[in-house]
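Visitor: I've got a model up on screen and a few "how do you know that" questions. Could you walk me through it?

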Amino acid sequence: MKFNRLIPELTVQDIEKTRQFYLDVLGFQLEYERKEDRFMFLSFEGSQFMFEEMHEDGWNVAQMEYPFGRGVNFSIEADHIEQIYQRVVRNQYPIFRPMMTSKYESNGKYLEQKEFLVQDPDGYLLRFTHE
């Protein structure tokens, strides 16, 4: 497995809830885990994330309060965005922003993409996109 040059590592309250959401609801793949450290490394169509359950010796720079990651959204490009969206809906997981088509200006040209947003169990905002 090749590691991306940038891999977000997110602190979570309950690694099992995180595992269930990312693997069962969204369809991420478990690459490896260290159960004794309450840590896991996940991938999804080229995107990579690390998750670690909160503990006293963690790398938290301030008190963690829900929702975690305020002001950040992770944009994740997905080949089959409609299928992911339907998985979230089937699992009755709240949608933060329903599926829509958006246009964004980039260097004088407009890019059009489908997107939807969902918060994970810790409030991290995930924006799934497809051009």
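Visitor: What makes Phe128 a contact of Leu26?
Guide: Contact means heavy atoms within 4.5 Å, so Phe128 is on the list for Leu26 by that cut-off. Setting aside neighbours within four places in sequence, Leu26 also touches Phe21, Phe44, Ile84, Arg87, Val88 and Leu126. Bear in mind that this is a predicted model, where local features need pLDDT of at least 70, side-chain atom pairs count only at pLDDT 80 or more, and totals for chains, interfaces and linings use all residues. Residues are numbered from 1 along each chain as its sequence is written, and side-chain values use heavy atoms, with hydrogens and water left out.

Visitor: Why is the set with Leu26 and Phe128 called a nonpolar core?
Guide: The term covers buried (under 20% relative accessible area, 1.4 Å probe, protein chains only) Ala, Val, Leu, Ile, Met, Phe, Trp, Tyr and Cys residues joined through side-chain atoms within 4.5 Å. The largest such set here has 27 residues, and Tyr22, Leu26, Phe28, Phe51, Phe116, Leu126 and Phe128 have the most contacts inside it. Elements giving two or more residues include β7 and β8, while α1 gives the most, with five.

Visitor: How do you know that β7 and β8 pair?
Guide: Pairing takes at least two DSSP bridges; β7 and β8 (residues 125-130) have six, so they qualify, and they run antiparallel. One of the bridge pairs is Val118 with Leu126. Five residues lie between these strands in the hairpin, and Gly123 in the turn has a positive phi of about 90°.

Methods
Helices (H or I, at least four residues) and strands (E, at least two) are DSSP runs, numbered from the N terminus. Buried means under 20% relative accessible area, exposed over 50%, partly exposed in between (1.4 Å probe, protein chains only).
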